[in-house]
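The following note is offered for colleagues who intend to work with these coordinates. Its points take up aromatic packing, the nonpolar cores and the surroundings of the ligands.

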Amino acid sequence: MSEIDKTQKKDIDWGSLSFSYQHTDYSYACDYKDGAWGVGRLTPDHNIVMSECAGLLHYCQEVFEGLKAYTQKNGDIVCFRPDMNAKRMYDSAERLCMPPFPQDRFVEAVKAVVKANLAWVPPYGSGATLYIRPFMIATGDVIGVKPALEYQFRILVTPVGPYYKGGVTPVKLQVSKFDRAAPHGTGNIKAGLNYAMSLFPSVEAHAKGYADNMFLDPQTRTYVEEAGGANILFVKDDGTLVVPQSFTDSILPSITRRSLVDVAQKYLGLKVEQRPVKFAEIDQFVECGMCGTAAVISPVGEVDSDDKKIVFRDGHVTVGPVMAKLRQTLVDIQQGDHEAPEGWICKIA
Ligand code: PLP
Ligand code: COI
């Protein structure tokens, strides 16, 4: 077999990409039928044809993931902790009574589809990345409310720029009057139904000039949970990183957030508090940020609720020092410019 050419790239203005979809050369697809996952395949067909009675279309049996492929300085194409996405998707699928996709096959499929689309992986230093979206849908017919018997696991990839338009310029959040998930519901899995719940408040927030919503705990509406598309982090005056925890299991366990906690402790020598965080206490914090695969770390300068406007002292004009350091260290690890903990970087080509 001939050596893969990692240097041939599509003619794209990588630096001006937004977070939007364009189809690439191949997607990956694998079907579940008769109680077993079949052999996966790469396909140039980016459309899915299914029955009008598919479980996806009626009872929202869908779960998904998001991760990215990067070009490192030495030209290697890598992705970040795909085993964590494989595990989270496994858990998400079990919660929605879908047959989990084997975790080793998930990682192999991610590698295969990125390898088939190397020309779409943005170059080192371009500011863009290849977003990888694995998802699983119920394709089998159901008319009564029950799990389907047939499914498709699929991965699409698409080159993207920043998710929050500010990039590293601080954005504003509004406190949502709606909840994105129920207490002890599905907020802690990555299912499309959670995002359907967040669309109305998200459109409303954008119309008012906010980048996203800050959702409070759905039981008491007094604790900070997360944003519509990212977890939230705070920094105390003494430099401690404060990470909100949910007592109603309604925060998505962000892989970026869990990685940043390790980065903060291991590389930056920061103290970290992981605990429920009252909304009433956040005016004591000096920095705030949103973190996630798409968001990376997006600094938050201001949070507005009906009766309160909170402006973070060290991060409302430009990104604050702790968020800046966390962001740079994470990006450096992903791009190969900083030592990475064992197993975080998965080489693809
Ligand atoms: N929270 C929500 C609601 C998200 O959609 C995402 C994005 O995946 C995250 C948090 C961040 O998770 P991760 O860091 O695993 O991408
Ligand atoms: C991600 O960060 O991968 C996500 O899925 C967030 C999504 C709202 C784009």
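1. Phenylalanine 80 has a relative accessibility of 7% and therefore counts as buried, the cut-off being under 20%. The model under review is a predicted one. Phenylalanine 80 forms an edge-to-face aromatic pair with tryptophan 344, with 5.6 Å from centre to centre and 85° between the planes. Tryptophan 344 is likewise buried, at a relative accessible area of 4%. The two partners come from distant parts of the chain: phenylalanine 80 belongs to strand β6, whereas tryptophan 344 sits in the loop between α6 (321-335) and β18 (345-347), 264 residues apart.

2. The model contains 15 aromatic pairs. One of them joins tyrosine 28 and phenylalanine 153, whose ring centres are 6.1 Å apart; their planes stand at 70°, over the 60 degrees required, so the pair is classed as edge-to-face. Because tyrosine 28 lies in strand β1 and phenylalanine 153 in strand β8, this pair ties together parts that are 125 residues apart in sequence. Both tyrosine 28 and phenylalanine 153 are buried. These two residues also belong to one aromatic cluster, together with Tyr32, Trp37, Phe101, Phe106 and Tyr151.

3. Phenylalanine 153 reappears in the largest nonpolar core, which has 43 residues; with Val114, Met136 and Ile155, Phe153 touches the most other members. Two or more residues each are supplied by β1 (27-33), β5 (67-71), β6 (77-80), α2 (82-95), α3 (103-115), β7 (129-138) and β8 (151-160). The greatest contribution, 6 residues, is that of α3.

4. Which residues does methionine 136 touch, leaving out those up to four places away in sequence? They are Trp37, Gln61, Glu62, Val63, Met89, Ala93, Met98, Pro99, Pro100, Phe101, Gln152 and Phe153. A second core, separate from the one described above, comprises 24 residues, among them Ile232, Val242, Val277 and Val300.

5. Ligand 1 is surrounded by 17 residues, of which Tyr195, Glu226, Ser254, Thr256 and Thr293 are the closest. Tyrosine 195 places a polar side-chain atom 2.5 Å from an oxygen atom of ligand 1. For glutamate 226, an N or O atom of the side chain is 2.6 Å from a nitrogen atom of the ligand. Arginine 88 also takes part, with a polar side-chain atom 2.8 Å from an oxygen atom of ligand 1. On its own, ligand 1 has 380 Å² of accessible area, and the protein covers 97% of this.

6. Arginine 88 merits a separate remark. This residue is located in helix α2 and, at 8% relative accessibility, counts as buried. Apart from neighbours within four places in sequence, arginine 88 is in contact with Glu65, Lys190, Leu252, Pro253, Ser254 and Ile255. Two of these partners lead to the ligands: Ser254 is listed among the closest residues to ligand 1, and Lys190 is one of the residues around ligand 2.

7. The surroundings of ligand 2 consist of Phe19, Phe64, Gly66, Tyr131, Arg133, Tyr163, Lys190, Gly229, Thr293 and Ala294. Polar side-chain atoms approach oxygen atoms of this ligand at 2.6 Å from tyrosine 131, 2.8 Å from lysine 190 and 3.5 Å from arginine 133. The protein covers 90% of the 280 Å² of accessible area that ligand 2 has on its own. Thr293 appears both around ligand 2 and among the closest residues to ligand 1.

Methods: Residues numbered from 1 in each chain as written. Chains lettered and ligands numbered in written order. Predicted model: local features only at pLDDT ≥ 70, side-chain atom pairs only at ≥ 80, totals over all residues. Heavy atoms only, no water. Core = buried A, V, L, I, M, F, W, Y, C linked by side-chain atoms within 4.5 Å. Buried < 20%, exposed > 50% of the residue type's maximum accessible area, 1.4 Å probe, protein only. Helix = DSSP H or I, 4+ residues; strand = E, 2+ residues; numbered from the N terminus. Contact = heavy atoms within 4.5 Å. Near = heavy atom within 4 Å. Polar contact = N/O pair within 3.5 Å; in protein donor to acceptor, adjacent residues only side chain to side chain. Areas by Shrake-Rupley, 256 points an atom, 1.4 Å probe, with all protein chains shown as cover. Phe/Tyr/Trp six-rings, centres within 6.5 Å; stacked < 30°, edge-to-face > 60°.
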